[in-house]
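Trainee: Got a minute to walk me through this one? I'd like to get a feel for it before I head back to the bench.

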Amino acid sequence: MLKSIRHFKATATQFNNTQTGSLHYTSQQSQFMNSSSAAADGDAMEVEELRKELQTLRAESRASAAKGEMERAVLEEEVLNDLADHPTVEYIRRLEDERAYYKEQLQKETRTVRELRVQLDSQSRIMTKSS
């Protein structure tokens, strides 16, 4: 397993170095690159095994991330439910409902005052005409 990890590191380093345009190998990495063709076949198998292991680890990582996200969502929902049941939140809701009620009452009274003003003005004109 240690040999395959070293080989994986060497392969990754080689890939990174070719991507940046510079080839810097340590003596240990050079030994892996200069091995015989039989070792190369063995390395190819190790590379395949490492790729499979990498895919498995990626899948596990994604699954654990999804599981963590679901746990976070459940916890968030529980906290929100607990907060919704808190007496202060209930008091705030009651105040908001009361505010909405008084706002509606104010609009009704404003409308009534307007209508009464129109009636008073109308009565005043009628009284002025008759006098």
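Mentor: Sure. Going along the sequence, the pattern reads α-α-α-α. Keep in mind that this is a predicted model.

Trainee: How many helices and strands does the chain have?

Mentor: There are 4 helices and 0 strands.

Trainee: And what share of the residues counts as buried?

Mentor: Just 7% of the chain's 131 residues. The accessible surface adds up to about 11,400 Å², and carbon and sulfur atoms account for 56% of that.

Trainee: OK, salt bridges. How many turn up in the whole structure?

Mentor: The search gives 4. One of them joins the side chains of Glu69 and Arg72, at 2.9 Å from N to O.

Trainee: Where do Glu69 and Arg72 sit relative to each other?

Mentor: Both are in helix H3, 3 residues apart, so about one helical turn separates them. Arg72 also bridges to Glu76, again with closest N and O atoms 2.9 Å apart. That pair is 4 residues apart in H3, which is also about one helical turn.

Trainee: Are those side chains buried, exposed or something in between?

Mentor: In between: Glu69 is partly exposed at 43% relative accessibility, Arg72 at 45% and Glu76 at 39%.

Trainee: What about a salt bridge in helix H4?

Mentor: Look at Glu104 and Lys108, whose closest N and O atoms are 3.6 Å apart. They both lie in H4, 4 residues apart, about one turn of the helix. Back in H3, shared partners tie Glu69, Arg72 and Glu76 into one network.

Trainee: Switching topic: which residues form the negative surface patch?

Mentor: Glu77, Glu78, Asp82, Asp85 and Glu90. Helix H3, residues 37-84, supplies the largest share, with 3 residues.

Trainee: And where is Asp85?

Mentor: Asp85 is in the loop between H3 and helix H4, which spans 87-130. Why does Asp85 count as exposed? Because its relative accessibility is 57%, and the cut-off for exposed is over 50%.

Trainee: Which residues make the nonpolar patch?

Mentor: Leu75, Val79, Leu80 and Leu83 make a patch of about 360 Å². Leu80, for one, is in helix H3.

Trainee: Last one: how many aromatic pairs are there?

Mentor: The count is 1. It's Tyr101 with Tyr102, edge-to-face, 5.3 Å centre to centre with 65 degrees between the planes. Tyr101 is partly exposed, at 46% relative accessible area.

Conventions
Residues numbered from 1 in each chain as written. Predicted model: local features only at pLDDT ≥ 70, side-chain atom pairs only at ≥ 80, totals over all residues. Heavy atoms only, no water. Phe/Tyr/Trp six-rings, centres within 6.5 Å; stacked < 30°, edge-to-face > 60°. Buried < 20%, exposed > 50% of the residue type's maximum accessible area, 1.4 Å probe, protein only. Patch = residues over 30% accessible without salt bridge, like charges linked within 9 Å, V, L, I, M, F, W, Y side chains within 5 Å. Areas by Shrake-Rupley, 256 points an atom, 1.4 Å probe, with all protein chains shown as cover. Lys, Arg positive; Asp, Glu negative; His and termini not counted. Charge placed at Lys NZ, Arg CZ, Asp CG, Glu CD. Helix = DSSP H or I, 4+ residues; strand = E, 2+ residues; numbered from the N terminus.
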